[in-house]
Amino acid sequence: MTHIVTHSEKETLALAKKYAKTLRGGTILGLIGNLGAGKTVFIKGLASGLGLKKNITSPTFVIMKVYPVKKGKVKNFVHIDAYRIKEGRDLIAIGAQEYLNWPDTLTVIEWADRIKKVLPEKIRFIKIKILAGEKRKISLN
Ligand SMILES: Nc1ncnc2c1ncn2[C@@H]1O[C@H](COP(=O)(O)OP(=O)(O)OP(=O)(O)O)[C@@H](O)[C@H]1O
Ligand SMILES: [Mg+2]
């Protein structure tokens, strides 16, 4: 685990953008952190690193959004928000698990700790902790 402290939304976006460039398809990232920690901000940074022009908003009500990626090795960007998922089998019900096995898809899951049971072992967790004000401790590997 590497721990990085960011001091603004902008810094978190920049960190995630850089991090995105190191990721291959088939990667599953689980974002863990309290309400307002910056999980969605981090995911916006990832999307921008992949060259996605679309504005990424949290799929709280639809649970899952799939974005095609035009350039690079990653072909799909899947954003899942497990905040409203009560049980892992709900995730299976919406067909999300199918994406988790696609080798050219990068999947990111907010509140991944809520549905740990149904997630594959290869998931990489990213933890965001609110330190104070705009300071966030981001732990990743
Ligand atoms: N260092 C920072 N990194 C990221 N966001 C920050 C930082 N400092 C302040 N913020 C603010 O914190 C908020 C983070 O919101 P965001 O929606 O990303 O949180 P979240 O973890 O996705 O919350 P939720 O659990 O509701 O989905 C934004 O308003 C952002 O501007
Ligand atoms: Mg969010």
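This is a conversation about two pockets and one helix in a predicted model.

Visitor: What makes Leu50, Gly51, Leu52, Lys53, Lys54, Tyr67, Pro68, Lys70 and Lys71 the lining of the largest pocket?

Guide: A lining residue has an atom within 4 Å of a pocket point, and these residues are the ones that line the largest pocket, which has a volume of about 230 Å³.

Visitor: Why is the lining of the largest pocket counted as having 1 polar residue?

Guide: Gly is counted among the polar residues, and Gly51 is in this lining, so Gly51 falls in the polar class, while the full lining has 4 nonpolar, 1 polar and 4 charged residues.

Visitor: Which residues line the second largest pocket, and how are they divided by class?

Guide: The second largest pocket, with about 170 Å³ of space, has a lining that includes Ala20, Thr22, Arg24, Gly49, Leu50, Lys71 and Val74, and by class the whole lining has 5 nonpolar, 3 polar and 4 charged residues.

Visitor: Why is helix α2 called mostly covered?

Guide: Buried means under 20% relative accessible area, and 9 of the 11 residues of α2, which spans residues 39–49, are buried, so the helix is described as mostly covered. Among the buried residues are Val41, Phe42, Ile43, Leu46 and Gly49.

Visitor: What covers the buried residues of α2?

Guide: The covering elements include α1 (9–20), together with the strands β2 (28–32), β4 (76–81), β5 (105–110), β6 (124–132) and β7 (135–140).

Visitor: Which residue just after α2 takes a positive phi?

Guide: That residue is Gly51, with a phi of about 90°, and Gly51 also belongs to the lining of the largest pocket.

Conventions. Residues numbered from 1 in each chain as written. Chains lettered and ligands numbered in written order. Predicted model: local features only at pLDDT ≥ 70, side-chain atom pairs only at ≥ 80, totals over all residues. Heavy atoms only, no water. 1 Å grid on protein atoms, 1.4 Å probe; cavity = no way out; pocket = protein on both sides within 12 Å on 5 of 7 lines; lining within 4 Å. Points joined across faces, edges and corners; volume = space filled by probe spheres on them. Buried < 20%, exposed > 50% of the residue type's maximum accessible area, 1.4 Å probe, protein only. Helix = DSSP H or I, 4+ residues; strand = E, 2+ residues; numbered from the N terminus. Contact = heavy atoms within 4.5 Å.
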